[in-house]
Amino acid sequence: MKSKFFITSLTLLMILTLFGCGAKQMGKVLGTGFTYQNAEMKLEDAQMKSMEGKTEEAKDLTNQALELFLQIANTEDPSSKYYGRAHYQIAGIYMSQFDWDNAVKHYQTIVDAQAAGYLAGKSRSAIANIRKYRQDIEENRNIYLNIPGEA
């Protein structure tokens with residue numbers, strides 16, 4: 001009888017511990033991986049809301065995901081696997097918001113921290129694409145405004 005009571009109370013204690021903690025507390029207990037996964041899920045939810053036409057909800061979810069990714073980027077060591085991933089996601093969010101300066105800043109952070117990695121290569125390509133897009137925009141703007149080109 002005592003062992004059944006002990007097992008029941010232990011099980012109840014474990015359930016209360018797991019589900020009684022808030023999301024932030026669980027993030028501290030489970031680590032950066034939990035926070036990163038939570039942020040990615042918010043981004044996926046934002047994409048779904050955007051496809052459904054609920055743009056305000058999508059913006060809110062994107063901002064929440066951005067906040068979580070920034071939290072990871074600010075607290076993790078540059079050699080951590082989540083450091084580069086968080087900066088890459090942050091840069092992608094800024095790209096979707098057409099905030100190219102901040103996107104370049106975060107892409108460059110990846111290149112500086114992990115120069116030989118896969119994400120660093122993708123980041124260098126993204127930086128080059130942003131430069132090309134800016135040049136194309138300037139050229140098209142000059143054509144539209146009928147500004148003579150350099151000789």
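T62 is buried, with a relative accessible area of 15%, where buried means under 20% relative accessible area, exposed over 50% and partly exposed in between (1.4 Å probe, protein chains only). The model is predicted, so that local features need pLDDT of at least 70 and side-chain atom pairs count only at pLDDT 80 or more, while totals for chains, interfaces and linings use all residues. Residues are numbered from 1 along each chain as its sequence is written, and side-chain values use heavy atoms, with hydrogens and water left out.

T62 belongs to helix 4 (residues 55-75), helices being DSSP runs (H or I, at least four residues; strands are E, at least two) numbered from the N terminus. Leaving aside residues up to four places away in sequence, T62 touches L43, A46, I93 and Q97, a contact being heavy atoms within 4.5 Å.

Helix 6 can be described by its two sides.

| Set in helix 6 | Residues |
|---|---|
| Buried | W100, A103, H106, Y107, I110 and V111 |
| Exposed, on the other side | D101 and D112 |

Seen down the axis of helix 6, the buried residues fall within an arc of 145 degrees, so they line one face of the helix; the arc is that of the directions from the helix axis to the C-beta atoms. These buried residues pack against helix 4, helix 5 (81-96) and helix 7 (118-144).

Overall, the secondary structure comes to seven helices and zero strands. Of the 151 residues of the protein, 25% count as buried, and among contacts between residues at least 6 apart in sequence, 46% join residues at least 24 apart.
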